[in-house]
Amino acid sequence: MLGFSLRSLWNRRFVAGLTVLAISLSVALILGVERLRDGARDSFANSASGIDLIVAPRGNSVQILMATVFGVGGTGTGMTWESFEWLAGRPEVAWAVPIQMGDNHRGYPVIGTDASYFEHFRHSGGQSLSLAAGTFYTGDGADAAVIGAEVAARFGYAPGTVIVNAHGSGEVSFDLHDDAPFTISGVLAPTGTAVDRMVFVTLEGFDSLHAQEDAPLADPLDPAAMPADGHGEDDAHDDHIAHDDHDAHDDHEEHEDHEDHGDPEGTEAGHGHEPDRINAVYVGLIDRTSVLGLQRAVNERPSDALSAVLPAVALAELWGITGTAERAMRLMAWAVTFAGMIGMVVMLSASLETRRREFAILRSVGATPTRIFALIVTEAAILSAVGLFLGLVLLTLATFVTDPILSARFGLRLGLNAFGARELATLSIIFCAGLLASLIPAVRVYRMTLADGLSVRL
Amino acid sequence: MHPLRIERLVYRWPGAERNTLEIGALSLASGESLFLFGPSGCGKSTLLSAIAGVVEVPKGAIRVADQDVGAVHGGARDRFRVDHIGMIFQVFNLIPWLSAIENVLLPCTYSRHRRVRAGDNPEGTARRLLSELGLADPSLASKPANELSVGQQQRVAAARALIGKPDLILADEPTSALDEAAKAAFVDLLARECAEAGTALLFVSHDRSLEQHFDRNVDFLALNGGAA
Ligand SMILES: Nc1ncnc2c1ncn2[C@@H]1O[C@H](COP(=O)(O)OP(=O)(O)OP(=O)(O)O)[C@@H](O)[C@H]1O
Ligand SMILES: [Mg+2]
């Protein structure tokens with residue numbers, strides 16, 4: 001029966017192939033949309049776990065979240081170290097990790113932070129960061145760098161490798177800080193979050209890049225020299241805020257900046273080095289219920305225009321923004337699947353007239369009308385099943401191809417083995433819809449074979 | 001056992017004004033070949049449909065292999081048909097995308113009875129039948145049916161009707177698409193194979209030139225509406 005249906009379909013392989021293709025594309029689309037959505041939500045939620053509050057220069061909370069946790073876009077640099085110290089000193093704060101951003105290493109975001117980052121960052125439901133090789137920042141190393149698993153894998157880096165960063169967050173940057181190399185001290189174990197594609201350097205190291213570069217140009221009275229302070233990031237995309245704030249604040253801060261680098265205390269680990277400006281602070285609370293109070297306090301701080309972002313709230317806001325598009329995509333995917341099913345019904349129905357003789361012959365050699373009915377349903381089942389399988393293959397291939405891009409650009413992973421119960425349910429629904437749709441031509445065939453008997457003449 | 005026994009068969013197509021079939025008696029013995037001739041539209045094909053159980057016939061009128069065709073229904077009738085009857089049509093007998101040999105083997109896939117009777121090696125039997133019918137070339141046997149000539153196709157259809165030694169073969173003008181020489185050769189082969197296998201043959205046609213190949217000839221007009 002199965003073999004017979006297969007042969008019959010093979011005989012019409014061109015049309016059958018097109019039908020299968022239509023089904024497989026629709027399956028790939030449906031599952032792809034879902035995976036993209038889940039991938040985005042999971043990796044976002046995983047990356048932001050463990051952080052109670054993100055404090056950054058005033059801005060849009062979604063943008064702050066994207067910039068700090070995912071290294072996509074940027075925030076202002078206008079947060080003063082005094083604000084950090086004020087924040088860290090608040091009684092409800094358990095820990096505070098300063099974050100500097102805006103550089104990249106061969107397209108991967110470079111984060112300036114101190115050792116407390118590795119201590120407090122949590123991902124994927126509470127796991128802390130662990131090392132695959134090497135150590136976290138070592139005692140005196142201002143030039144130490146800890147890199148994410150993906151960065152290490154992509155470029156074959158290992159502890160000891162010396163790397164050079166570039167300014168700006170763009171993929172391509174010609175503005176290399178080759179006078180301020182870093183030595184990799186450790187490689188993080190894979191986390192499946194944006195951390196995998198980050199390069200962490202010390203606050204001091206991060207600042208030294210800018211110090212050395214800015215030094216010859218550091219004339220606050222010369223506005224022409226100032227905006228050129230390494231912002232060779234015209235190619236950079238969504239970090240306009242970074243631009244603006246940076247330019248605005250650089251004005252009067254640069255001299256102090258340089259003095260800081262002469263500070264011998266800066267060689268100490270921890271908060272030894274005090275940068276002038278930071279981009280954000282990750283905050284962990286002693287008691288989570290105090291989060292709203294702290295948020296208000298941050299927002300009301302007069303000396304600095306700051307925003308305190310609750311990651312979960314910002315995520316919800318983000319999903320609110322993307323929700324409409326998501327629904328539209330999903331609707332479209334199902335519409336395409338529906339079209340694929342109609343295509344199959346059309347294909348099976350169109351062939352019935354020309355196959356009338358075939359069915360009459362089958363009946364003359366003993367095939368019952370039920371059997372011929374089953375033949376059509378089997379053909380539909382084969383088309384659907386092959387379509388589903390091909391759709392999965394297609395999706396896997398597409399994932400394989402786009403995963404590095406999505407991961408590099410947006411920090412989200414689709415996961416090659418993300419075949420879950422819900423996908424199985426989706427596939428079953430499509431398969432059943434295929435079988436159901438095939439009942440239309442099958443019932444027609446059933447009636448036809450009963451009426452025609454064996455006497456079909458051409 | 002009688003492969004075919006008809007007694008007082010009356011059949012009227014639904015909606016027709018007159019009875020299409022009114023047959024008093026007709027029977028065939030094992031291995032016997034009967035030529036039934038009559039003009040177009042007289043009801044020959046209708047009779048074959050009735051025997052094959054394709055149309056609803058009254059109980060007790062038609063017995064094939066001693067079984068009342070009118071008493072078997074639905075899928076059981078389809079199975080009954082393939083178990084006991086081989087059929088050959090005028091044209092387009094074969095599934096075009098199956099090979100000749102696969103077409104011959106079709107009854108064996110739908111009937112255990114025919115498969116068992118086709119011997120230990122149905123495929124070998126099918127090849128033997130094909131070669132006896134003049135299709136010895138193995139490349140012909142594995143060709144898709146639609147690449148065969150019409151005469152070759154009819155011989156494949158004959159082999160299919162013969163495989164598994166059914167009790168009765170119904171042939172509805174299988175030679176009408178063949179030329180004179182091919183026609184005579186085909187009928188001759190078919191009748192001989194049937195006789196050898198002990199299969200009864202009911203062959204209908206309007207072409208009386210075929211008469212000499214059969215054990216018995218019957219005028220359908222004389223049979224229908226009176227006693228045979
Ligand atoms: N499916 C059908 N429904 C209704 N009437 C039919 C059907 N098939 C045949 N008939 C009628 O039955 C009569 C006999 O037709 P049948 O096909 O049996 O003739 P035939 O002897 O086989 O003719 P031919 O030699 O041309 O094949 C015709 O009058 C025809 O109109
Ligand atoms: Mg006829």
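Let me begin with the surroundings of ligand 1, where the shell, sorted by class, holds 2 nonpolar, 6 polar and 3 charged residues. Please keep in mind that what we have here is a predicted model. Among the 11 residues around ligand 1, the ones that come nearest are B:Ser40, B:Gly41, B:Lys44, B:Ser45 and B:Thr46. The residues that surround ligand 1 come from chains A and B, and the site is therefore shared between chains.

Now to the polar contacts. In chain B, the side chain of B:Lys44 has an N or O atom 2.7 Å from an oxygen atom of ligand 1, while for the side chain of B:Glu173 the corresponding distance to an oxygen atom of the ligand is 3.0 Å. A polar backbone atom of B:Gly43 also lies 3.0 Å from an oxygen atom of ligand 1. As for cover, ligand 1 on its own has 630 Å² of accessible area, and the protein covers 62% of that.

Let me turn to the sheet in chain B, which is open, has 5 strands with parallel pairing, and follows the order β6-β7-β8-β3-β9. Which strands stand at the edges? They are β6 (85-88) and β9 (216-219) of chain B, and because each has a single partner strand, one side of each is left without a neighbour in the sheet. From one strand to the next, the twist averages 15°.

Within this sheet, β7 (residues 168-172) and β8 (residues 200-205) of chain B run parallel and are joined by 5 bridges, and B:Ala171 stands opposite B:Phe203 in β8(B). Finally, helix α8 (residues 180-197) of chain B packs on the sheet, where it touches β6, β7 and β8 of chain B, and its direction makes about 155° with that of β8(B).

Conventions:
Residues are numbered from 1 along each chain as its sequence is written. Chains are lettered from A and ligands numbered from 1 in the order in which they are written. This is a predicted model: local features need pLDDT of at least 70, side-chain atom pairs count only at pLDDT 80 or more; totals for chains, interfaces and linings use all residues. Side-chain values use heavy atoms; hydrogens and water are left out. Two strands pair if DSSP finds at least two bridges between them. Helices (H or I, at least four residues) and strands (E, at least two) are DSSP runs, numbered from the N terminus. Axes are lines fitted to C-alpha atoms, for helices over the stretch in contact, and angles run from 0 to 180 degrees between N-to-C directions. Contact means heavy atoms within 4.5 Å. A residue is near a molecule or strand if one of its heavy atoms lies within 4 Å of it. A polar contact is a pair of N or O atoms within 3.5 Å; within protein, one must be able to donate a hydrogen and the other to accept it, and residues adjacent in sequence count only if both atoms are side-chain atoms. Accessible areas come from the Shrake-Rupley method with a 1.4 Å probe; for residues, only the protein chains shown count as cover. Ala, Val, Leu, Ile, Met, Phe, Trp, Tyr, Cys and Pro count as nonpolar, Asp, Glu, Lys and Arg as charged, and the others, Gly among them, as polar.
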